[in-house]
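Here are some quick notes on the charged pairs, for when you next have the file open. Have a look through the model and then compare with the points below.

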Amino acid sequence: MFSVMPASAVRIRDLRKTFGSVEAVAGVDLDIGDGEFFSMLGPSGSGKTTVLRLIAGFERPTSGTVELAGRDVTGLAPFDRDVNTVFQDYALFPHLDVLRNVEYGLKVRKVAKAERRKRALEALHSVRLDGFEARRPAELSGGQRQRVALARALVNEPKVLLLDEPLGALDLKLREEMQVELKTIQRRAGITFVFVTHDQEEALTLSDRVAVLDGGRVQQVGTPAEVYEHPATEFVAGFVGTTNRIGDVCVRPEKLHVRILGGGDEDGTAPAGEPAGPPGDRHAEGTVAEVVYAGAVTRFVVDLESGDRVVALQQNLAASSMEVTRHRGARVRVGWQAAHEFRVAGAAPSTETPAKTPN
Ligand code: ADP
Ligand code: MG
């Protein structure tokens, strides 16, 4: 049976952009699927915005190509590309009301007035801003402004929506609400999202796939689980989540189980209030340097005999879990599953004694 592979929504080949002596984008290849929620995650200065501007056409590459739906658009102006951009500062027109802000793109494209109005109202409805048509941007909250910016992009029904840290200006609670909304809107509209963020949690929560950038290069592309569970480089392991180095392997904090020693119950269930859990097939012993109770979880910082300091996150399942904080200074056994170990390229094997692995 023959089938034709659909062209990628966005295809980038050996893309480079230098500003003077700065190599902002240093040879990027990406294939972003149709309808995918794709994130570019990286620290400030890693080249995320420049890649986005190259896709949009606001910048011309020093070399390399950009294709949209199989068409080479490298030499085309922004308005000849089927993409829209939502910027971090929203870039709304302050003197226009909400409805006119949203209609603007259609007006430029000479869509008839009645049609323009109908589509603008639909777009405002999709971001839950019915009734706000007559307001000016200054009369809106940050979250509402953000949604106007989104409606203004969605109204053009672009194949690809580029979003440059669109939630960066919002406070935490609103940001989390908008994350859920963005995902819903993206799924419903079936638009390809290319979403830029420096927030690893945001990228992992929202994305079908994530590209981790550093120094203008893609360090890894994968699903959130792939990037988190199997980071390809030491940079990715360090940037995406917290990584414990134990001897020559790495283990994530939530994969470590902490058992308090000396309680007379070292091999069975932990006493009430103490973190229990399967011992795992790897063990190391050490001393609790710090315990922080954080509501849903407790964070243990443990100095292992090997000299490695590790962080272990334990879910607070027991009612008396706040009592765990009394374990500062306690001897503990840290256990984990061998299956949860990973190694990263570029990570020099530790010269410390390896963690004890009985059996
Ligand atoms: P990010 O969005 O990941 O923070 P940018 O793409 O904005 O990163 O920037 C990548 C690098 O390119 C940075 O070192 C930045 O200073 C530089 N850069 C970006 N735009 C310009 C420009 N217009 N002129 C000079 N340098 C720039
Ligand atoms: Mg940026």
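1. Let's begin with the cluster: R11, R13, D31 and E67 are joined in a network of salt bridges. Bear in mind that this is a predicted model. Across the structure there are 28 salt bridges, and the points below pick out a few of them.

2. Next, R282 and E341. The two form a salt bridge, with 2.8 Å between the closest N and O atoms. R282 belongs to strand 14 (residues 282–294), while E341 sits in the segment after strand 17 (331–336), so this pair ties together parts that are 59 residues apart in sequence. As for burial, E341 has a relative accessible area of 15%, under the 20% cut-off, so E341 is buried. R282, at 25% relative accessibility, counts as partly exposed.

3. R309 pairs with D303 in another salt bridge, where the closest N and O atoms are 2.7 Å apart. R309 comes out as exposed, at 52% relative accessibility. Its partner D303 is partly exposed, with a relative accessible area of 29%.

4. Then there's R331 with E305, whose side chains meet in a salt bridge at 2.6 Å, N to O. Which parts does this pair tie together? R331 lies in strand 17 and E305 in the loop between strand 15 (297–304) and strand 16 (309–315), so the linked parts are 26 residues apart in sequence. R331 has a relative accessible area of 35%, which makes it partly exposed. E305 also counts as partly exposed, at 47% relative accessibility.

How values were computed: Residues are numbered from 1 along each chain as its sequence is written. Chains are lettered from A and ligands numbered from 1 in the order in which they are written. This is a predicted model: local features need pLDDT of at least 70, side-chain atom pairs count only at pLDDT 80 or more; totals for chains, interfaces and linings use all residues. Side-chain values use heavy atoms; hydrogens and water are left out. A salt bridge is a side-chain nitrogen of Lys or Arg within 4 Å of a carboxyl oxygen of Asp or Glu. Helices (H or I, at least four residues) and strands (E, at least two) are DSSP runs, numbered from the N terminus. Buried means under 20% relative accessible area, exposed over 50%, partly exposed in between (1.4 Å probe, protein chains only).
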